[in-house]
Amino acid sequence: MKCQRCPKQATLHITEVLGEDRFEEVHLCEECAKKYLYEPQQAKKAAVKAGEGVIESDEADAIGEKQCEACGLKFVEFRNHGRLGCAHDYDSFKDDLMPLLESVHGDTKHAGKAPRRLPKATGAQLELSQLRRKLQQMVTDEKYEEAAALRDKIRQLEEG
């Protein structure tokens, strides 16, 4: 594929998101890509406004100017670096982060892994803690046969 600005071979293929359902693909050679990527933001905004998809600059500025009261991080800084500054940022940028988290992770609620031996129900957890206490008492009382039976029961509950 040829560069869209000169007759050289295109080596970079850039997709810009202009709106919710609007995308623009640009195919450039390395030299033209450097110029394209480092041209001022004003020229890009003018080019977008000249096209069909007009982005409200006031709305874009309002999103970028949101700021966390605790650490002072602006949303535009988060977008540039990909890192939040503190735990309060999740509350400050909630409206903008939720769609992002949902698209990246598929959900907005953490459902991480759990140890295999972890019992499924809280009732089983309670029973396990009671059995462990009894096991400890059996060992201190030197009732090893009963302690072995309790140990086997605990393992059975842990495995599922």
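**View 1. Strands β1 and β2 pair in an antiparallel hairpin.** In this predicted model, strand β1 (residues 12-17) and strand β2 (residues 23-28) run antiparallel and are joined by 6 bridges. Pairing requires at least two bridges between two strands in DSSP. Between β1 and β2 lie 5 residues of the hairpin. Leu 12 stands opposite Leu 28 in β2. Strands (E, at least two residues) and helices (H or I, at least four) are DSSP runs, numbered from the N terminus.

**View 2. Helix α6 and the glycine that follows it.** α6 covers residues 94-105, 12 residues in number. From first C-alpha to last, α6 reaches 15 Å, close to the 16 Å expected at 1.5 Å a residue; the expected span is 1.5 Å times one less than the number of residues. Gly 106 follows α6 with a positive phi, near 85°.

**View 3. The two sides of helix α8.** Helix α8 (residues 144-159) has 16 residues and reaches 22 Å between its first and last C-alpha, close to the expected 22 Å. Its buried residues (under 20% relative accessible area, 1.4 Å probe, protein chains only) are Ala 147, Leu 150, Ile 154 and Glu 158. Seen down the axis of α8, these residues fall within an arc of 75°, so they line one face of the helix; the arc is taken over directions from the helix axis to the C-beta atoms. The face turned away from this buried side carries the exposed residues (over 50%) Glu 145, Gln 156 and Glu 159.

**View 4. The residue after α8.** Just after α8, Gly 160 takes a positive phi of about 120°.

Residues are numbered from 1 along each chain as its sequence is written. Local features need pLDDT of at least 70, side-chain atom pairs count only at pLDDT 80 or more, and totals for chains, interfaces and linings use all residues, while side-chain values use heavy atoms, without hydrogens and water.
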